[in-house]
Amino acid sequence: MKLVDRTKISAAALALVSLSALSAGFLEATPAFAKDTQQHPAVLNASAVAVADKYAADAAEQIFKEGGNAVDAAVAIAFSLAVTYPEAGNIGGGGFMTLYVNGKPYFLDYRERAPLAATRTMYQDEQGNVIPGKSLYGYDAVGVPGTVEGMWEAQKRFGKLSWKQVLQPAIEYARDGFVVGELLAKRREEASKEFDGKTNFDQYFGNMKMGETFKQPDLANVLTRIANQGAKDFYDGKTADLIAASMKGHGLITKRDLQEYKAVWRQPVEANWNGYEVITAPPPSSGGVGLVQLLKMKADLAPQFKDVPLNSPQYIHLIAEIEKRVFADRAQYLGDPDFYKVPVAQLTDDAYIAKRAAEVDPDKPSDTKSVQAGLGTSMPEKAETTHFSVVDKWGNAVSNTYTINGYFGSGVVVPGAGIVLNDEMDDFSAKPGVPNMFGVVGSDANAIAPKKRPLSSMSPTILTKDGKVSLVIGTPGGSRIFTSIFQVINNIYDFKMPLKDAVGAMRFHHQLLPPNTIFWEPYEPINGDLAKQVEAKGYVLKGQDFNGDIQAIRIDGDTPEAVADPRGRGVTRIVQ
Ligand code: DON
């Protein structure tokens, strides 16, 4: 979507996984992690999911009933959504997975990478101007996809079931079809208009209609090969050949790009906040650092927030002041840590955040130009992504956000494979200071380079207390992602709202630029009293029809409660 305008393991199972992996010759290519073979007692009375559609929820339920854990369910969900939620679910994109397994936090980065032939100025014309749309539509916009490698890595390390079992639901949805719902049909129609015959999108999705069964036989064949051969098919097999062939004469991705793709296990960002351990996304996401800064800055400003009602004009002003500073840092310091040294420790340091909080003007918006990156030494994103949250009865959790960036990504579908390819290259800074689809700007930290990962805002997050999972949360929304998660966490913990109300409450967004602009949801009329009072404080309001699609699970004692955002077509499932 255009956000700018509209937005445990049995020996048998292990043998199966290893066999299929070895036969694929792929196990040697990835780091070897010992599987945890210990049987853990159940600590919750149910497993739970909050996911973007009912087909993925059904898939997760089936996996839990077959004895799978949260990671098995997450992988089954990811592949299912690639079929039934094609506007954002994907195998042609990438994402981040935050995990809490057997009492330990983990983070898996399977973000897309720039092709080997990418250059810093590839989206600029000879005069140095950014060419509109070039990083958003068609073959030029596509980054090297990471989802299949990510799912393979996660399931191989932590799954209980066989790889084939977790692929099965997706294969069935693709082969036998699924019934298309209203929202998907609407988004498909919008995408057809947006791509306007400039890509081959309509050849694959043009006849996808509400209420009708939609089958994807090419995609079913790809998923069956991935089930039989592992990730190797996608990166070095027949599917890799199909992707590379589709790019020839059109785009930059070659078979070597696919062969060299790697997902990376990274140290998550972790912070103590309000008695909880926040476990969230490190760079190349800006979201985890941003979320920690937001949470801690608000805590530092507790006296200013005292007795300020939720979503009152003063609340909106104070939160916008905080967001202004967070986005100034984002633009300057955040990028791929494999290419640029991101000062994560300094940016999340308590004394630094307290100093930034002290700069907040309680009365009026601070002058935008005066709000510079704070460590003393420029923002962006298109809009479709999907998040799912999973907990199992053994107390493990997966928080996963993955994306092809805009709805239906670049609009390019790999001929003979039915894979929708991403337009993640738009998340790079095409030129310093020039905003991307999400209106955010960037600097050198996020300049394009071969094999580099574009800066993301995706922030799959888990909160734990005393070593136990308390909240699993995330959302799509580009640069709105971590401000949305922040607001829901405030609603839950500061305003003590029930989870459903906390997720459903109105959200707003500010991101430094445009100056003093608050992005406003249709929940509250833009010409209503609240809006007028916010304008009177010196803000400009801008309507947006999308401010996230939160999927959250909260655990109270031994009982999980799951909520899907009323803004989307998400579904929850509690499985005893
Ligand atoms: O990685 C990012 O931050 C963006 N590509 C995510 C895009 C997104 O969330 C679109 N959702 N509405």
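**S15, S16 and S17**

I started at His509 and looked for its bridge partner in S16, which turned out to be Phe519. I'm working from a predicted model here, so I keep that in mind throughout. That pair belongs to a join of 2 bridges between strand S15 (residues 508-509) and S16, and the two strands run antiparallel.

Next I followed S16 to its other pairing. S16 and strand S17 (residues 540-543) pair in the parallel sense, over 4 bridges. I picked out Trp520, whose bridge partner in S17 is Gly543. I then traced the connection: S16, helix H19 (residues 529-536) and S17 make up a β-α-β unit, and it is right-handed.

Are the two faces of S16 covered or not? I checked residues 517-520, and both faces are covered. Thr517 and Phe519 sit on one side, Ile518 and Trp520 on the other, and all of them are buried.

**The seven-stranded sheet**

I moved on to the open sheet of 7 strands and wrote down its order as S6-S3-S2-S10-S9-S1-S20, with antiparallel pairing. Strand S6 (264-266) and strand S20 (571-575) are at the edges; each has a single partner strand, so one side of each has no neighbour in the sheet. I noted an average twist of 15° from one strand to the next.

Inside the sheet I looked at strand S9 (residues 384-391) and S10, which are joined by 8 bridges and run antiparallel. One bridge I marked is that of Ser389, which has Ser399 as its partner in S10.

Which helices pack on this sheet? I found helix H3 (residues 70-84), which touches strand S1 (47-51), strand S2 (94-101), S9 and S10. The direction of H3 makes about 155° with that of S9. Helix H4 (residues 147-158) packs on the sheet too, touching S2, strand S3 (104-110), S6 and S10. For H4 I noted an angle of about 155° with the direction of S3.

**Annotated binding site**

I pulled up the UniProt record, an unreviewed entry. Its "binding site" annotation covers Arg111, Thr403, Ile404, Asn405, Asp427, Ser456, Ser457 and Gly478. I looked more closely at two of these residues.

Thr403 is in strand S10 (residues 397-405). Why does Thr403 count as buried? Its relative accessibility is 2%, and the cut-off for buried is under 20%. Leaving out residues up to four places away in sequence, I listed what Thr403 touches: Ala88, Asn90, Gly93, Gly94, Arg111, Glu112, Glu384, Thr385, Glu424 and Met458. Arg111 is in the annotated set as well.

Ile404 lies in S10 too. I get a relative accessible area of 0% for Ile404, so I put it down as buried.

**Asn200**

I also checked a loop residue. Asn200 is in the loop between helix H6 (182-195) and helix H7 (201-205). At 13% relative accessibility, Asn200 counts as buried. With neighbours within four places in sequence set aside, I have Asn200 in contact with Gly411, Val412, Val413 and Pro415.

**Domains**

Last, I looked up the domain assignment of the chain. Domain 1 is 3-266 + 388-433, and domain 2 is 272-381 + 459-549. How far apart are the C-alpha centres of domain 1 and domain 2? I have them at 28 Å. The contact between these domains takes 26 residues from domain 1 and 29 residues from domain 2.

How values were computed
Residues are numbered from 1 along each chain as its sequence is written. This is a predicted model: local features need pLDDT of at least 70, side-chain atom pairs count only at pLDDT 80 or more; totals for chains, interfaces and linings use all residues. Side-chain values use heavy atoms; hydrogens and water are left out. UniProt positions are given in the numbering used here, feature names are shortened, and annotations may be inferred rather than shown by experiment. Buried means under 20% relative accessible area, exposed over 50%, partly exposed in between (1.4 Å probe, protein chains only). Contact means heavy atoms within 4.5 Å. Two strands pair if DSSP finds at least two bridges between them. A crossover is right-handed if, with the strands pointing away from the viewer, the path from the first strand over the helix to the second runs clockwise. Axes are lines fitted to C-alpha atoms, for helices over the stretch in contact, and angles run from 0 to 180 degrees between N-to-C directions. Domain bounds come from an automatic or database domain assignment.
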